[in-house]
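Here's a quick tour of this model, from the ligand shell to the sheet and the helices packed around it. Have the structure open as you read.

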Amino acid sequence: MRNYQKELDQIIDGLHGVRPKLLLHACCAPCSSYCLEYLREYFDITVFFYNPNISSPEEFAKRLAEEERLIREFNSRPGPNSSEIKLIAPEHHPEMFFDTVYGYEDCAEGGDRCGLCFTLRLERAFDAAEKIGADFVTTTLTISPLKNAERINTIGEKIEEGAKAFGGTVKWLPSDFKKKDGYKRSIELSEEFGLYRQNYCGCVFSKRDGQNNEEK
Ligand code: SF4
């Protein structure tokens, strides 16, 4: 079984002080917190907040506002080797998500619906990364203990392969951010910054399943 965190460490070791441009797909501020703290030492980061899976416009606005606030906080406290973190946040179009997962609405969290959801978000992340001339793309999603890092990394690598055939140059950056106590650190940082931490993944189906579980 591959150790994606180790692979990331090896890539970072091989940089020898060169700072590549990284597009970091971000699902929410709490998951971004540790990833930004960790990666900003080595990469020039543009955060890509692309989450059409968040069904409610109010919830989307709340999570985006927290992402913006977190980035402002980091930029106001530069580290010894950090550069300014930028943000790209495309408009919210939840219909993109509903079209993508049509027929898979009743899958359990972690199943095929989530695979389609990851693919939608990461394909757009690769497009955005090509547009800004990034060297690498990755996602905060692997920090969640509820999400399968192997599945997310496999999807990222497949998109990279497919894009290469059309002249794409952006590389997938492997990760498993929950390793090295990354998830624990994200909770500490969320408390430190007073971040809003939602209690469901994002889509209306995950909210429904969460409520059903609470009622049982
Ligand atoms: S549970 Fe999360 S990852 Fe799965 S489809 Fe819903 S929003 Fe996407």
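## Around the ligand

A residue counts as near a molecule or strand if its C-beta atom, placed from the backbone, lies within 6 Å of it. By that test, the ligand is surrounded by Asn53, Glu109, Arg113, Cys114, Cys117, Cys201, Gly202, Cys203, Phe205 and Ser206. Sorted by class, that's 5 nonpolar, 3 polar and 2 charged residues, with Cys and Phe counted as nonpolar, Glu and Arg as charged, and Gly among the polar ones.

Helices (H or I, at least four residues) and strands (E, at least two) are DSSP runs, numbered from the N terminus. α5 (112-132) and α8 (204-215) each give the shell at least two residues, and α5 has the largest share, with 3.

## About the model

This is a predicted model: local features need pLDDT of at least 70, side-chain atom pairs count only at pLDDT 80 or more, and totals for chains, interfaces and linings use all residues. Numbering starts from 1 along each chain as its sequence is written.

## The sheet

Strands pair if DSSP finds at least two bridges between them. Here 5 strands make an open, parallel sheet, ordered β3-β2-β1-β4-β5. β3 (86-88) and β5 (171-172) sit at the edges with a single partner strand each, so one side of each lacks a neighbour in the sheet. β4 (residues 136-139) and β5 are joined by 2 bridges, and Phe136 stands opposite Lys171 in β5.

## An enclosed helix

Helix α2 (residues 29-39) is largely enclosed by the rest of the structure, because 9 of its 11 residues are buried (20 or more other C-beta atoms within 10 Å of their own, C-beta atoms being placed from the backbone). Among them are Cys31, Tyr34 and Leu39.

Technical notes: Buried ≥ 20, exposed ≤ 12 C-beta atoms within 10 Å, placed from the backbone.
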